[in-house]
Amino acid sequence: ADMPWHDSLAIAPTLTGLADSGIILERHYVSPICSPTRSALMTGKHPIRMGLNHGTINAGEPFGVGVEEKLISNYMKDLGYATHQLGKWHLGYCSWALTPTQRGFDSSYGFYNGHENYYAKMTHDYFDFRSDTLGEDGKTISDVQWSANGTYSAFLYANKARKVIKEHDQSKPLFLYFPIQSVHGPEEVPPRYRQKYDGIVQNYQRKTLLGMVTAMDEAAQAVVSALKHTGMWDNTIFIFFSDNGGPLAGIGKGQSNYPLRGGKYSYWEGGIRSVSFLHSPMLPGMKVNHELLHVTDWLPTLTHIAACGVNEHDRHCRGPELGDIDGVNQWQAIIGAEPSNRTEFLVNIDQLGHNSALRMGPWKFYKGNPGKGDWVPPPKFEFDGAEELNAQFKKLRLENGYDYVFGDDRTDRQKPVRMELYNVVEDPSETKELSAKYPDIVQAMLDRIDYYTSRAIMPRNVPRDPASDPSLFGGVWTPWLESC
């Protein structure tokens, strides 16, 4: 709910204009945290098949998306595209072979880990910001960007995007993957962006978060302006989406998933139903699309369009051979010409967490604990102190008829969760648990989870390797193994 088409208080004129004149994807689903979503986007495979289904890849941990996986950047390169990555990688960097320029990107600019300061470029007490290019010998040339320390990251990315677009050789098409740092924690933004909400929003954390949205919007504007200035905009497809919902810890952090239940790290709708839109001057816009889409669908969809064109003049064109992936080509569904090519998707199976979740038709099923499942207030809601917050929560719960989800003492989150079933089409806020009423549907969902379990591998998570210690590499997070 932190973008203007869901929260009218947010100031983001560029993204709002693109969304309003584009195709807003209201049933776009991702994983509940960063690395799994990014791995699914880049490979078209569900994270359960790569061992990336339990948490994220943390600093100094020797694993990532395996070198045996072909990424969307590799496919785009095969199709003749120039490929560039800006922002957050978070797909592993234990060896150089896992870093962007060894995975099909011509260049990379940003950080390898999952989070860092917007100004200092520090994470876990060490620096992480670099510019990578590919040398003639095929090896990565990596330039640590010490000068980035002190400059707000959205400004750096905007300038780099302008440069990449301006210098692009237009004899070939361009694939720009731009996972900008915003609006991930920590909550930092230049004061002038926060001040835009003075007199509009009272809560400091909420003002900071919305200021970060506005700064991100300016980076998007830099991309659009550069594409227009170079004459490439009319042939561009611009896609925007988040890799998970906002964290619930943060009502204190200013984020809101209203009216959805839960948030980041959880399998509830607020954790996995992602704000998203697609815009292209080549397409008629002004649509809201309610077809079921999953993040794994982007690889087959975009590689198909890259090979066959937006209008698919050759209906026999099949695009590149993608092998055994989980995503499906959704182009016709996105533009509204056909229904979605999927009726279900696996949210996750976490063998270490002993939980799983599945969407099938209108049904959403949980086995084990799906994570923190609080409901959050509308984004315009203001509060001052915990006592008033709890009182307002109780009032809002009663007004909206939440008879199951939200106990006043919130002890429900400590209770062992067995199996739960919701109809998320009729009840998107997941307020009415229906497993006892529909045992046949529960059994069908369990059967499908058994099928997906047969395709899953165990999570590959391993502890931080002492050999990754940045003090051994000049105070910078750096690939440290020959292979991993």
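These legends go with three close-up views of a predicted model.

**View 1. Ser73 and its surroundings.**
Start with Ser73, a residue of helix H3, which spans residues 72-78. Ser73 counts as buried because its relative accessibility is 0%, and the cut-off for buried is under 20%. Look next at the side chain of Ser73, which reaches the backbone oxygen of Arg103 at 2.5 Å. Beyond its neighbours within four places in sequence, Ser73 is in contact with Met42, Thr83, Arg103, Gly104, Phe105 and Phe175.

**View 2. Helix H1 meets helix H6.**
Here you can follow helix H1 (residues 13-20) and helix H6 (residues 204-229), whose axes come within 7 Å and cross at roughly 65°. On the H1 side, Pro13, Thr14, Leu15 and Leu18 make the contact, and on the H6 side Met216, Asp217, Ala220, Gln221 and Val224 do so. Sorted by class, this contact of H1 with H6 has six nonpolar residues, two polar and one charged.

**View 3. A five-stranded sheet with a helix packed on it.**
This open sheet has five strands in the order S8-S7-S4-S3-S9, and their pairing is mixed. At the edges you will find strand S8 (140-144) and strand S9 (174-177), each pairing on one side only. From one strand to the next, the twist averages 15°. Strand S7 (residues 130-134) pairs with S8 in the antiparallel sense over five bridges, and Arg130 stands opposite Val144 in S8. Helix H4 (residues 153-166) packs on the sheet and touches strand S3 (82-88), strand S4 (107-111), S7 and S9. The direction of H4 makes about 175° with that of S3.

Terms used. Residues numbered from 1 in each chain as written. Predicted model: local features only at pLDDT ≥ 70, side-chain atom pairs only at ≥ 80, totals over all residues. Heavy atoms only, no water. Helix = DSSP H or I, 4+ residues; strand = E, 2+ residues; numbered from the N terminus. Buried < 20%, exposed > 50% of the residue type's maximum accessible area, 1.4 Å probe, protein only. Polar contact = N/O pair within 3.5 Å; in protein donor to acceptor, adjacent residues only side chain to side chain. Contact = heavy atoms within 4.5 Å. Axes fitted to C-alpha atoms, helices over the stretch in contact; angles between N-to-C directions. Nonpolar A, V, L, I, M, F, W, Y, C, P; charged D, E, K, R; others polar. Pairing = 2+ DSSP bridges.
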